[in-house]
Amino acid sequence: MQYTDTIVAPLTPPGRSAISLLRLSGPLSRTILETVMNPRRPGQWRSRSVRYGNIVDHDGTVIDEVLAVWMRGPTTYTGEDVVEISCHGGYVALELVIARCVAAGARLANPGEFTMRAYAAGRIDLTQAEAVMDVIQAQTPQSLHQAQQQLQGWVGTAVAELRAALLYELAAVIAQIDFPDDVSEDALNRDALVDVVARIQTYIDTAHTGILLRDGAQIALLGRPNVGKSSLLNTLLRTNRALVSPIAGTTRDSLEESADIAGIPVRFVDTAGIRGHTTDDVELMGIVRSRAIAAQADLALILRDSSAPLSPEDAEVLEARGSGPALLVYTKNDLPAHAHVLTTEASLQQQHQFVAVVSVSTKTGEGMEQLRACIAAALRAGGPASSQRISNTRHLDALKRAKQSVEDALAGIAGHLSAELLAIDLQEAVSALGEITGQDATEALLDVVFARFCIGK
Ligand SMILES: Nc1nc2c(ncn2[C@@H]2O[C@H](COP(=O)(O)OP(=O)(O)OP(=O)(O)O)[C@@H](O)[C@H]2O)c(=O)[nH]1
Ligand SMILES: [Mg+2]
């Protein structure tokens with residue numbers, strides 16, 4: 001697809017910085033550059049050589065001193081002629097340089113429009129376009145590494161192989177419809193379809209860890225007042241984020257902070273202590289929030305003060321969590337343990353199947369490394385070591401549909417269904433796979449994918 005208009009956008013966020021970067025892409029890129037810039041040394045523009053000079057207004061007034069490079073398509077990010085200009089940082093210089101480019105014939109780019117053009121030019125497939133945003137939004141080195149793998153195209157290659165295998169079988173089925181006499185009964189290779197199902201399943205198996213590393217997990221710190229939730233949050237974050245005091249009911253509103261736990265981007269939520277008998281309206285509002293978070297978090301840390309007797313409030317906390325995965329965390333293990341701590345453990349364990357039990361002290365730091373390891377293990381639950389993982393729910397959903405359609409076709413073969421019906425199942429599987437890479441993507445799907453993008457990408 002060839003676009004006739006030339007787009008422009010900042011590549012760097014607004015704000016004070018040494019330099020800002022902007023990009024033009026489209027057929028007029030070089031003409032616009034020649035109009036707005038006076039290079040210091042005379043001469044022709046050569047592709048991929050950097051030139052120094054001034055961006056000037058139509059009357060010759062200097063707007064900013066810049067470095068600029070013109071890159072001839074199609075071996076550019078968008079596949080079109082591209083110009084990149086480094087001007088000074090700050091709000092004004094960048095805005096004026098962009099305005100000057102617009103006056104000279106460019107149009108402001110929409111979010112994701114450069115990447116959309118790269119996709120339209122066939123430079124990248126849809127999974128790589130999505131990976132661009134994943135790289136930008138990666139929250140830990142591991143999530144970045146995973147996004148880079150996808151950017152290099154492994155999902156597209158894997159899906160193309162599956163699709164090719166299915167198209168081969170689909171052709172055989174269609175031949176059977178068109179020339180029923182020429183094709184033998186067993187023209188369809190059942191084993192090939194079984195193999196496709198198995199391969200799709202191995203990709204589906206990577207998705208739990210993949211999606212976790214891309215999107216992260218919410219972990220709630222729950223417990224009755226004063227068990228040490230805010231202290232534990234601070235120790236996990238290694239900051240003084242939350243207020244801590246010996247007064248029960250210190251934390252009123254829930255408070256969320258991000259951290260990296262063994263490469264997994266997690267959001268810890270400190271909550272107001274759950275208790276039934278408060279008359280304080282504000283505390284009650286906080287407790288309502290705590291209960292909502294308790295029910296929905298990906299993982300809960302249920303805190304129990306090991307120096308205090310078990311109270312009915314501890315059971316309330318467990319009730320608020322429901323059946324979701326939880327770690328039991330004994331706090332304040334630097335203090336003498338309460339005499340009943342072991343019997344209380346038994347009674348709590350009866351109420352809930354904990355993933356693990358850990359004992360910590362935020363005063364001495366004891367147990368903290370073990371707690372981090374338990375959290376990582378509880379979240380990851382045995383994911384694959386390779387960083388080639390399905391990390392996008394859109395891909396996962398399409399893979400599941402493709403697998404189901406191939407399984408339907410296999411059931412059809414067993415049930416001696418007509419070639420026409422088998423062809424429908426196989427065609428559906430092919431289309432589902434094509435949605436992943438974009439071959440069978442609708443306009444609406446592309447809009448959804450590119451709506452996630454930021455300006456300048
Ligand atoms: N000795 C000891 N005291 C602790 C430890 N952790 C927390 N505390 C103390 O316990 C008290 C309550 O701690 P917080 O972290 O405010 O407890 P919380 O669960 O957030 O309390 P609320 O916000 O009121 O629900 C404070 O006086 C802390 O200093 C610990 O590991 N050892
Ligand atoms: Mg607190």
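# Close-up views of a predicted model

**View 1. Arg238, an exposed residue in a loop.** Arg238 has 9 C-beta neighbours inside 10 Å and therefore counts as exposed, since 12 or fewer is the cut-off for that label. Please keep in mind, here and in every view below, that this is a predicted model. You will find Arg238 in the loop between α9 and β9, just after the end of helix α9. Look at its backbone too: phi is positive, about 55°, although Arg238 is not a glycine.

**View 2. Helix α9 and the strands it packs against.** Step back from Arg238 and you meet the helix that comes just before it, α9. This helix covers residues 229-237, and its buried residues are Lys229, Ser230, Ser231, Leu232, Leu233 and Leu236. Which strands do the buried residues of α9 pack against? They pack against β8 (217-222), β9 (255-261), β10 (264-270), β11 (299-305) and β12 (326-331). A general point helps when looking at any α-helix: with 3.6 residues a turn, residues three or four places apart point the same way.

**View 3. The open sheet of 6 strands.** The strands from the previous view come together here. Read across the sheet, the order is β9-β10-β8-β11-β12-β13, and the pairing is mixed. The edges belong to β9 and to β13 (356-359), each of which has a single partner strand, so one side of each has no neighbour in the sheet. From one strand to the next, the twist averages 25°. For a closer look at one pair, take β8 and β10, which run in the parallel sense and are joined over 5 bridges. Within this pair, Ala220 has Val269 of β10 as its bridge partner.

**View 4. Lys332, a buried residue with a positive phi.** Follow the chain on from β12 and you reach the loop that leads to α12 (341-351), where Lys332 has its place. Is Lys332 buried or exposed? Lys332 is buried, because 24 other C-beta atoms lie within 10 Å; 20 or more is the cut-off. Its phi is positive, near 55°, in a residue other than glycine. It makes a nice companion to Arg238 from View 1, which has a positive phi of about 55° but counts as exposed.

**View 5. Strand β2 between its pairing partners β1 and β6.** Strand β2 (residues 19-25) is mostly covered, with 5 of its 7 residues buried. It pairs with strand β1 (residues 7-10) in the antiparallel sense, over 4 bridges. Look for Pro10, which stands opposite Leu22 in β2. Strand β2 also pairs with strand β6 (residues 82-88), again antiparallel, and here there are 7 bridges. One place to find this second pairing is Arg23, whose bridge partner in β6 is Glu84.

**View 6. A cis peptide bond before Pro74.** Which residue is joined to Pro74 by a cis peptide bond? The partner is Gly73, and omega is about 5°. Pro74 lies in the loop between β5 (62-71) and β6. With 11 other C-beta atoms within 10 Å, Pro74 is exposed. Apart from neighbours within four places in sequence, Pro74 is in contact with Gly79 and Ala121. Arg123 is worth finding as well: it is 49 residues from Pro74 along the chain, yet their C-alpha atoms are separated by 8.9 Å.

**View 7. Where helices α5 and α8 cross.** Two packed helices are described by the angle between their axes and the distance between the axes. For helix α5 (residues 141-151) and helix α8 (residues 207-215), the angle is about 115° and the axes are 8 Å apart. The crossing is left-handed. From α5, the residues making the contact are Gln142, Ser143 and Gln146, and from α8 they are Gly210, Leu213 and Arg214. Sorted by class, this contact has 1 nonpolar, 4 polar and 1 charged residues.

**View 8. The whole protein, to place the close-ups.** Altogether the protein has 16 helices and 13 strands. Its radius of gyration is 29 Å, well over the 23 Å that the globule rule gives for 457 residues, so the protein is more spread out than a compact globule. The C-alpha atoms fill a box of roughly 85 × 80 × 35 Å along the principal axes. Of the 457 residues, 40% are buried. Among contacts with a separation of 6 or more, 69% are between residues 24 or more positions apart.

Terms used. Residues are numbered from 1 along each chain as its sequence is written. Chains are lettered from A and ligands numbered from 1 in the order in which they are written. This is a predicted model: local features need pLDDT of at least 70, side-chain atom pairs count only at pLDDT 80 or more; totals for chains, interfaces and linings use all residues. Helices (H or I, at least four residues) and strands (E, at least two) are DSSP runs, numbered from the N terminus. Two residues are in contact if their C-beta atoms, placed from the backbone, lie within 7 Å. The radius of gyration is taken over C-alpha atoms; the globule rule is 2.2 Å times the number of residues to the power 0.38. Two strands pair if DSSP finds at least two bridges between them. Axes are lines fitted to C-alpha atoms, for helices over the stretch in contact, and angles run from 0 to 180 degrees between N-to-C directions. A crossing is left-handed if the near helix is turned anticlockwise from the far one by less than a right angle, and right-handed if clockwise. Ala, Val, Leu, Ile, Met, Phe, Trp, Tyr, Cys and Pro count as nonpolar, Asp, Glu, Lys and Arg as charged, and the others, Gly among them, as polar.
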